[in-house]
Structure formats: structure tokens, C-alpha cells
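Please keep the model open while you read. These points go through it one topic at a time.

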Amino acid sequence: MRSIQGIRRSARGLTMACIAFLVVGMFYLQNGEVVSPKKRIMPSIQLGQDPPSDRGLPQSDSDNRWRHTKSYRTCYLSTKTNRFARTPAHYSVNDTLGLVYQEIPKAASRSIRKTMGAKIFPGPLPERYKKLFKFTCFRDPIDRFVSVFNFIRHKYPKVHCPDHIKDGKCDPAFRLQDANFWASRLLTEGYFEWHVWPQSLSISQEDGSPRDIDYICDTGDLQNAYKDIQPFLKGNSTLLRSDRQSNTFLFKRFKQISRSDLSEDIIQTLCQAYYVDYCCFDISFPEECAGYQERYCRQASLEAPYWVGDGLPEPTSGPLMPPW
């Protein structure tokens, strides 16, 4: 009997401890004071305002991430060149969260849509969504080229390697030769497949000016980017979490290329083909492209856009448009 009574007392004590924990959990410390979640002081950044670093706030990792957004605001691309095409600017929207994602293909777009719980739609963005918080994410241009090359070459062998097909797929013995050929085509022919467009072109407006996007992030730091976005969500109740995982199946099964396989010449060619992305998003050029920052990046404008006076040859054809 005593044992049963002791168990009952222990159970009551545990119950009271749980209740106390839940009550305390409804509050948290802010500036040394216990504050109810309803009274949390949220960041004062509003849509359309400059990033925090422009407003004299202390520098931090978060402020450093906002530099991509600031840099993109002077991303003007020349429409008087075969490098340009009217852009689709596909988007995903979660009206409940008050969030719009402007898609950049092959830059974690599927993972981002999954996190948002949203489908992709063709542009332009409807007027009713333009006041929502809009963001996009870019990927390192060299890594993205490798991803696109592996994906497209595997999926469309009859288009991209008709002369060396083995067992229904592109012969892996020619993969580096094909990568070199693709890189050179970007400069001579232009963006011959819509997946290989520069990321800045994918979200450019029809006159070449930057699109109205509130936050631009690096897919290599996606979880911290979600933390930056969190305060702007409606109600701020849903936590965005990155579940991005590397897909190694194609690489292992079909012996595809990795970045380390690319020669210095190929990387330098890709730096030239995608210099607008490095400049527009404030991405550091790889060490193989030392000096390219000073050569290509500047304060662009509608009167003096990128792709004018860059010393690169005019492509023979314009970018291949998506099939929709």
C-alpha cells in the first residue's frame, strides 16, 4: 500500500512539474526580461526597405547575408544582345504565410517549394501577390553548371550526345570532353538550353532591370536564410526548415562529373559566361578567375547595363526559351 501511495505522490509531483514547465515555456527572456510571445519585438525591417547594413545597424552574419539583396538592386542586363530573352519568372506562392518564391531553376527550387508547401506557376506574378514578401535563392554558378550538365546530359542523350551514346545514355568516357564543349558553346552560341541561363536572367524584368525581390539568399546557407525570412511571415508561427539533401544517385550510377573534374580553362570560360551572376549577387569569383571581379563588376544601370562593353563575343543565337 505504501508503495502504491508513493507512486501516486510521484506521479502528482511529475504532473505539477510538467504544468510549470509548460507555463514557463510560454515566455522567454528578451533583453533580460520575461516576455510573452505576443509581445516579442520583431525586426523593424519592412518590405521594400534597404537591407539592415544600409540602415546603420551593427554588422552581423545576418547583415552579411543581406548583401546579395543589396547587390542585386543594380543588376541591369542589356536587352540589345543575343544573351537576353524575355524571361518567364516562374513563381510559387503560399498565401497563408504571405510568401512568394521567384524560381531560379537548378538552385534548390524543388526543395524550396517543398518547404513552402507550394506548386510552381508560370509568370508574370499576379498583382494580388505583389505586396507579399518575395524571395529567391541563387547557387554557385560553377556548381550549378555541373548540376545542369549532369541532369540534362543524362535526361536527353539523343539531344546532347548523339554521336556517343552507350546503353541508351551518354558515354561517360566523353563526359569531360562534353563539359568543355558546353562551356565554350555558352560564349560562342549563347545559352543554348533554358536550364543554363544565368540565374540573374531567369528573374530579370523584360526591360533588363532587376525584379522587385525583398530577399535573395545563397542555397549553400539555406537554413540561415529561412531564419532571416521568418520574421516576415504572416503570424510568424510556421518554422521554415531546410531539408535539402544531395542527390548522389546519378553521379554514382552514371559516373558523371564533379566540380573537381573541371580544368582551369573550363572554369575560366564559365566565369566569363556567368559573370553577371557573380556581379549581380555579389558572389566571390573562384581563385581560377582572379581579377575578374575588377574586370567585369561595376555599378550597372539601365543606361549602362551589363553585357555592354564587356569584351566578350556576341553569341550567334539567343537563349533557348522554356517549353511553356
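1. Start at L186. Keep in mind that this is a predicted model. Leaving aside residues up to four places away in sequence, L186 touches F145, Y191, F192, V196, L270, A273 and Y274. Find these neighbours on screen before you go on.

2. Now widen the view to the core. The largest nonpolar core has 52 residues. L186 is among those with the most contacts inside it, along with L77, L262, L270 and Y275. Helix 5, helix 7, helix 11, helix 12 and helix 13 are the elements that give two or more residues to this core. Helix 5 gives the most, with six residues. A second core lies apart from this one. That other core has 20 residues, including L99, A108, M116 and C137.

3. Look next at helix 11. How many of its 10 residues are buried? The count is seven, so to speak of the helix as mostly covered is fair. The buried ones are I266, I267, T269, L270, C271, Q272 and A273. Their cover includes helix 5 (141-155), helix 7 (175-188), helix 12 (275-280) and helix 13 (292-296).

4. Turn to the rings. The structure holds 18 aromatic pairs. Take Y101 and F135 as one of them. Their ring centres are 5.4 Å apart and their planes meet at 35°, so the pair is tilted. Y101 lies in strand 4 (residues 99-102) and F135 in strand 6 (residues 133-138), so this pair ties together parts 34 residues apart in sequence. Y101 and F135 are both buried.

5. A second pair has another geometry. The rings of F145 and W182 have centres 6.4 Å apart and planes at 75°, so this pair is edge-to-face. It links helix 5, which holds F145, to helix 7, which holds W182, across 37 residues. F145 and W182 are buried. Recall that F145 is also one of the residues that L186 touches.

6. Some rings form a group. Ring pairs link Y275, Y278, F285, Y292, Y296 and Y306 into a cluster. One member, Y292, has a charged partner: R295 lies over its face, 4.7 Å from the ring centre. Elsewhere, the charged end of K106 sits over the ring of F151, at 4.2 Å from its centre.

7. Check the backbone. Most peptide bonds are trans, and most residues other than glycine have a negative phi. The bond joining G123 and P124 is cis, with omega about 5°. P124 is in the loop between strand 5 (120-121) and strand 6.

8. Two residues other than glycine have a positive phi to look at. A108 has a phi of about 60°. It lies in the loop between strand 4 and helix 4 (109-116). D282 has a phi near 55°. It is found in the loop between helix 12 and helix 13. Which of these is buried and which partly exposed? A108 has a relative accessible area of 12%, so it is buried. D282 is at 26%, so it counts as partly exposed.

9. Now the disulfides. A search of the whole structure finds five. With bonded cysteines counted along the chain, the pattern is 1-8, 2-5, 3-4, 6-9, 7-10. One of the bonds joins C137 to C217, with 2.0 Å from S to S. The torsion about this S-S bond is about 75°, so the disulfide is right-handed. C137 is in strand 6 and C217 in strand 9 (residues 215-218), 80 residues apart. C137 and C217 are buried.

10. Compare two further bonds. C271 is joined to C289, S to S 2.1 Å. With 90° about the S-S bond, this link is right-handed. It runs from helix 11 to the loop between helix 12 and helix 13, spanning 18 residues. C271 is buried at 0% relative accessible area, and C289 is buried at 1%. C279 is joined to C297, S to S 2.0 Å. Here the torsion is about -85°, so the disulfide is left-handed. C279 is in helix 12 and C297 in the segment after helix 13, 18 residues apart. At 7% relative accessibility C279 counts as buried, and so does C297 at 18%.

Technical notes:
Residues numbered from 1 in each chain as written. Predicted model: local features only at pLDDT ≥ 70, side-chain atom pairs only at ≥ 80, totals over all residues. Heavy atoms only, no water. Buried < 20%, exposed > 50% of the residue type's maximum accessible area, 1.4 Å probe, protein only. Helix = DSSP H or I, 4+ residues; strand = E, 2+ residues; numbered from the N terminus. Contact = heavy atoms within 4.5 Å. Core = buried A, V, L, I, M, F, W, Y, C linked by side-chain atoms within 4.5 Å. Phe/Tyr/Trp six-rings, centres within 6.5 Å; stacked < 30°, edge-to-face > 60°. Lys NZ or Arg CZ within 6 Å of the ring centre and 35° of its normal. Disulfide = S-S within 2.5 Å.
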